[in-house]
Amino acid sequence: MPVVSRAQFGILSPSAKISLVTVAPGQELYSGFGHSVLWVYDPMTGVDRAFNYGTFSFQEGNFYIKFLRGTLPYSLSVSPLSYQIAHYQEENRSISEQVLNLSIPQKQRLYNFLENNYLPENREYQYKFFYDNCATRMTVALKAAVGDSLIYNGYTKEKRSFRQWIDLYAFKQNPWADFGMDLAIGAPSDEIATPEQATFLPDNLATAFADAKVKTATGIAPLVSATRPIFTASPPPPVSPITPTVVFWSLAILTLAFTYWQIRTERINFVFDKVLFGIAGIAGWILLLLWFGTNHGVTSWNYDVLWAFPLWMPLIFSLSKKRKQSWFQFLLIFYAFLLLCATGNLAKHNLVLIPILAMLIIRVYYINNSLSKIPQKEIAYGSGVADTKNH
């Protein structure tokens, strides 16, 4: 980043303060993990600028395609903190401030860094949820300003994988969003986050800042000189009891009962299977798209494609109760092996995957059992004598 002069963006007075402002998680999926802002306030010069790295525009061309592909540009925006506080208060999200214990030169360097980032040619960046977001950029800015004077170890209270950190937030607030995210992300998210990587979550970043130290002329001092609440939210509404666990276990029990009835009454009907495995196939194609067609960095090596087997869509529609395709049972054997391998991925979904696998296993058994009762596809020519029926 180019060196900038103090005069280019204005000189802060000795009364200036810079704070890390942390916003609690909101109810929407995009806000469910919290938010971080760096606030520069100088009552002597009138500077009141809250630097927000979490801004994106719905007016962006091909917005949804870029969002899904992970190429949607995020940018740094700036406004008075009061404007942003009003927005978060409307969303009923708690807000807290940590005043940073920085020298006047360090404050100036941090302010210059942020203003330089806000220049039109610098403000956009490629957002990465785990690795480069509104929280991680706070640390980058702080290190640029404080340098070797900073004693910063990141979040050291506990170790979790990126997926486990997501579960800690999403599972409690929105179990369906948690299930969807678990389904979408792959093996990279199961790596244990380093203490600094764990600060991709704003709450962890606030804790890391509280634990950090800074070298001063008189010795080592805490990085945070004061902490105060700006707004305290009221208790959120209770989470709906209709969670993925409840829904999929209910479906698994109904599937078992329905399959038992079909076997006992010797009914052969594959409509349910075409719906079930068709959905699994569509899910598999979506996972492959996220794996190979996006730039998120954490949706690759997704082993859910073992049970969400993409080729079920369209192969499942070749299943018929009137004739048996000779190759279909080989497909069932292969898929049964994939389901066996998929059991090694059970913990990924907080065990929600168990009833899903149970439904698929039950119906694989039913299909295989029913196919043994269906004659092979009729042969149009046999023993060298042509079929003489009128067509």
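## A first stop: threonine 255

Let's begin inside helix 9, which spans residues 244–264 and holds threonine 255. This is a predicted model, and everything below describes that prediction. Is threonine 255 buried or exposed? Its relative accessibility is 3%, so threonine 255 counts as buried, given that buried means under 20%.

Which residues surround threonine 255 there? Setting aside residues up to four places away in sequence, threonine 255 touches Phe272, Met359, Ile362 and Arg363.

## Helix 7, mostly covered

Helix 9 also takes part in the surroundings of helix 7. Helix 7 runs over residues 175–184, and eight of its 10 residues are buried, leaving this helix mostly covered. The buried ones are Pro175, Ala177, Asp178, Phe179, Met181, Asp182, Leu183 and Ala184.

What do these buried residues pack against? Their partners are helix 6 (162–173), helix 9, helix 10 (271–292) and helix 13 (353–371).

## Leucine 332 in helix 12

Another buried spot is found in helix 12, residues 328–342, where leucine 332 sits. With a relative accessible area of 3%, leucine 332 is buried. Once neighbours within four places in sequence are left aside, the contacts of leucine 332 are Trp312, Val364, Ile367, Asn368 and Leu371.

You can also trace a link across the sequence here. Leucine 332 and tyrosine 365 are 33 residues apart along the chain, and their C-alpha atoms are 9.0 Å apart in space.

## Where helix 4 meets helix 5

Two packed helices are described by the angle between their axes and the distance between the axes. For helix 4 (residues 104–117) and helix 5 (residues 136–146), the axes come within 8 Å and cross at roughly 130°. Helix 4 and helix 5 are therefore oblique to each other. The crossing in which helix 4 passes helix 5 is right-handed.

Which residues make this contact? Helix 4 supplies Gln106, Arg109, Leu110, Phe113, Leu114 and Asn117, while helix 5 brings Arg137, Val140, Ala141, Leu142, Ala144, Ala145 and Val146. Sorted by character, the residues of this contact are nine nonpolar, two polar and two charged.

## Salt bridges

Side chains of opposite charge can pair when their charged atoms come close. How many salt bridges does a search of the whole structure find? The search gives 11. One of the pairs involves a residue from the helix contact above: arginine 137 meets aspartate 132 at 2.8 Å, N to O. Arginine 137 has a relative accessible area of 19%, so arginine 137 counts as buried, the cut-off being under 20%.

Helix 5 appears again in the pair of glutamate 196 and lysine 143, whose side chains form a salt bridge at 2.9 Å, N to O. Glutamate 196 belongs to the loop between helix 7 and helix 8 (202–211) and lysine 143 to helix 5, so the pair ties together parts 53 residues apart in sequence. Both ends are partly exposed: glutamate 196 has a relative accessible area of 35%, and lysine 143 has one of 36%.

## More charged links

Aspartate 211 and lysine 157 form a salt bridge too, with their closest N and O atoms 3.4 Å apart. This pair links distant parts of the chain, since aspartate 211 is in helix 8 and lysine 157 is in the loop between strand 7 (150–151) and helix 6, 54 residues apart. Is lysine 157 buried or exposed? Lysine 157 counts as exposed, at 53% relative accessibility, whereas aspartate 211 is partly exposed, with a relative accessible area of 34%.

Salt bridges can also join up into a network. Lys17, Glu97 and Arg228 are linked in this way.

## Two loop residues to look for

Finally, turn to the backbone. Asparagine 92 lies in the loop between helix 3 (81–90) and strand 5 (95–100). Its phi is near 60°, a positive value in a residue other than glycine. At 28% relative accessibility, asparagine 92 counts as partly exposed.

Tryptophan 301 has a positive phi as well, near 50°, and is likewise a residue other than glycine. You will find tryptophan 301 in the loop between helix 10 and helix 11 (312–315).

Terms used:
Residues numbered from 1 in each chain as written. Predicted model: local features only at pLDDT ≥ 70, side-chain atom pairs only at ≥ 80, totals over all residues. Heavy atoms only, no water. Axes fitted to C-alpha atoms, helices over the stretch in contact; angles between N-to-C directions. Helix = DSSP H or I, 4+ residues; strand = E, 2+ residues; numbered from the N terminus. Parallel < 35°, antiparallel > 145°, perpendicular 65-115°, else oblique. Left-handed = near helix turned anticlockwise from the far one by under 90°. Contact = heavy atoms within 4.5 Å. Nonpolar A, V, L, I, M, F, W, Y, C, P; charged D, E, K, R; others polar. Buried < 20%, exposed > 50% of the residue type's maximum accessible area, 1.4 Å probe, protein only. Salt bridge = Lys/Arg side-chain N within 4 Å of Asp/Glu carboxyl O.
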